[in-house]
Amino acid sequence: MRSLSYCDALREAQTQEMDRDPAVFVYGIGCPTRDKVFGSLAGLVERFGPERCMDTPISEEAMTGFGFGAALGGLRPIHVHIRIDFLILAMNQLVNMISTYAYSTGGRERVPLTIRAVVGRGWGQGWQHSKSLHSMFAHIPGLKVVAPTRARDAKGLLTAAIRDDNPVLVIEHRWLYWAEDDVPEDPYTTPIGPGVVLRSGSDLTIVATSWMNVEALRAAEILQRVGVSVEVVDPRTLAPFDDTVAVESVWKTKHCLVADNDWTDCGFGAEVAARVSEKCFGILQSPVRRIGWAPTPCPTVRVLENEFYPNAVTLIRAVERALDLPPTDLSQDDFYSHERRFKGPF
C-alpha cells in the first residue's frame, strides 16, 4: 500500500495491463499529445509506442466502431473520451451493435472493449461539457457501467473492465483526479457489481454516485458534530446494479437519501430510490429523498452554476429535513473549491 492519486491509479492500471497483455492498447482524441487526458495517460506513448497509444480523428462513431472491430479481432482496446457529452455521437455503435453483439451471436462472440469517459464541471463550461449521462448508458442491456470514487476502486475497476470480455464504460469525474487513497502497487481487480460502505453510521444512509460521495462524506463529517451519524454507500457499479449494500444499510438506519451526480428526473437515483422503497418499505421512517441536478441545461454563469450543482450543504439540509432537526450553523465551515485546481480541459 502507498498513497496514490486517482489519476495515477488510472494510469498505473493501464500501464500494468499493457505490460501484462500485448493485446491491450489505448486510443482516442489527444491520447499521445497535450497532457494526455489530464495526465492519466502520461508516459504510455513513450513506453509502448504510437501503435499502442494512438490519436484519432474527431469522429466518435468511427472511433467506437474501430474499437468494436478491434475487440472482435482479439484485441482489448481502451477507448478514451475526454468528455462524455460527445459519446452520444456513438450511440448507434453502443446501443445497436456493441451492447447486443454477444446476445446476437448466442454468446459465441465477445466484445472486450473498455470505454473511459470523463465527466465533471469546471470553468463554467455550460451545457455542452457538463453532462454525466450514466443513467442513459446504465439503461442499455449488455453494457456494464462503473463510476469509481476512490483511487483504489479506480485502479481495481479499470483493471477489471480491461480484463472483462464484455463492453464496460468507466465514468471518471475529473475533480476526483486529485483525490489520494491507499492503493496496492501490484495489479488487482475490484469486482464489477458490489457496492461499498465509505463511512459507517446509524441514523441515515446516503447512497451517492461519483463526486457526490465526496460531498456526502463532508456532510457526514459536519453532521457528526451535532450528533447525527450518517452512513455513506458508494454503489461503484451502476450496471449491473447490486443493491445489497444499500438495502442492508437502510435496514439499519431506516432513512435514505440518494445523491446522484446527474439530473434527478428519470436518473440512476430514481432506480436506487425505487429499489430501497420496495425492499425496505416496512421499516422506512421517512420517504426516500433524491438529490441531483435540476431539470435544466447546466448554466454557464458561476452564480447559477453553483445553484445547479448540489453540494454538502444541500445534503446537510436534506438530512435535517428527513430527521426533523433544526438547521446546523455552517458559517464557520469551509467547503470544497476544486475549480481552483482545475487547469483547463486538456
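Contact here means heavy atoms within 4.5 Å. Keep that in mind for the tour, which runs through a predicted model where local features need pLDDT of at least 70, side-chain atom pairs count only at pLDDT 80 or more, and totals for chains, interfaces and linings use all residues. Residues are numbered from 1 along each chain as its sequence is written, and side-chain values use heavy atoms, with hydrogens and water left out.

**Stop 1: serine 130**

Select serine 130, in the loop between β5 and α6. Helices (H or I, at least four residues) and strands (E, at least two) are DSSP runs, numbered from the N terminus. Which residues does serine 130 touch, leaving aside those up to four places away in sequence? Show Arg83, Asp85, Trp293, Cys298 and Tyr309. Serine 130 counts as buried at 6% relative accessibility; the scale here is buried under 20% relative accessible area, exposed over 50%, and partly exposed in between (1.4 Å probe, protein chains only). Now add glycine 126: its backbone oxygen lies 2.7 Å from a polar atom of the serine 130 side chain.

**Stop 2: arginine 121 and glutamate 305**

Stay in that loop and pick arginine 121, then glutamate 305. Their side chains meet in a salt bridge, 3.2 Å from N to O. The term covers a side-chain nitrogen of Lys or Arg within 4 Å of a carboxyl oxygen of Asp or Glu. This pair links distant parts of the chain, 184 residues apart: arginine 121 sits in the loop between β5 (114-119) and α6 (134-138), and glutamate 305 in helix α11 (residues 302-308). Buried or exposed? Glutamate 305 is buried at 1% relative accessibility, and arginine 121 is buried with a relative accessible area of 12%.

**Stop 3: further salt bridges**

How many salt bridges does a search of the whole structure find? There are 23. Go to aspartate 164 and lysine 144, whose side chains meet at 2.8 Å, N to O. Aspartate 164 is in the loop between α7 (151-163) and β7 (168-173) and lysine 144 in strand β6 (residues 144-146), so the salt bridge ties together parts 20 residues apart in sequence. Aspartate 164 counts as buried at 12% relative accessibility, while lysine 144 is partly exposed, with a relative accessible area of 22%.

Next, zoom to aspartate 333 and arginine 225, another salt bridge, with 2.8 Å from N to O. Here aspartate 333 is in the segment after α12 (312-323) and arginine 225 in the loop between α8 (212-224) and β11 (230-234), so to speak distant parts of the chain, 108 residues apart. Aspartate 333 is buried, with a relative accessible area of 16%. Then select Asp243, Glu271, Arg275 and Lys279 together: salt bridges that share partners join them into one network.

**Stop 4: the five-stranded sheet**

Switch to cartoon view. Five strands form an open sheet in the order β9-β11-β10-β13-β14, with mixed pairing. Two strands pair if DSSP finds at least two bridges between them. At the edges are β9 (196-199) and β14 (289-293), each pairing on one side only. Neighbouring strands of the sheet are turned by 25° against each other on average, direction ignored.

Within the sheet, look at strand β10 (residues 204-208) and strand β13 (residues 256-263), which run parallel and are joined by four bridges. Valine 207 has valine 258 in β13 as its bridge partner. Helix α10 (residues 268-279) lies across β10, β13 and β14, running at about 160° to β13. For such values, axes are lines fitted to C-alpha atoms, for helices over the stretch in contact, and angles run from 0 to 180 degrees between N-to-C directions.

**Stop 5: β8 and β1**

Color strand β8 (residues 180-183) by face. Asp181 and Val183 point to one face and are buried, while Glu180 and Asp182 point to the other and are not. Strand β1 (residues 2-5) pairs with β8 in the antiparallel sense over four bridges. Serine 3 stands opposite aspartate 182 in β8.

**Stop 6: glycine 195**

Follow the chain into the loop between β8 and β9, where you'll find glycine 195. This glycine is buried, with a relative accessible area of 14%. Glycine 195 and proline 235 are 40 residues apart in sequence, yet 4.0 Å apart in space, C-alpha to C-alpha. Not counting residues up to four places away in sequence, glycine 195 touches Asp234, Pro235, Arg236 and Val245.

**Last stop: α3 against α4**

Select helix α3 (residues 60-72) and helix α4 (residues 91-98): they pack at an angle of about 35°, with their axes 8 Å apart. On the α3 side, show Glu61, Thr64, Gly65 and Phe68; they meet Met91, Asn92, Gln93, Leu94, Met97 and Ile98 in α4.

Definitions and conventions
A polar contact is a pair of N or O atoms within 3.5 Å; within protein, one must be able to donate a hydrogen and the other to accept it, and residues adjacent in sequence count only if both atoms are side-chain atoms.
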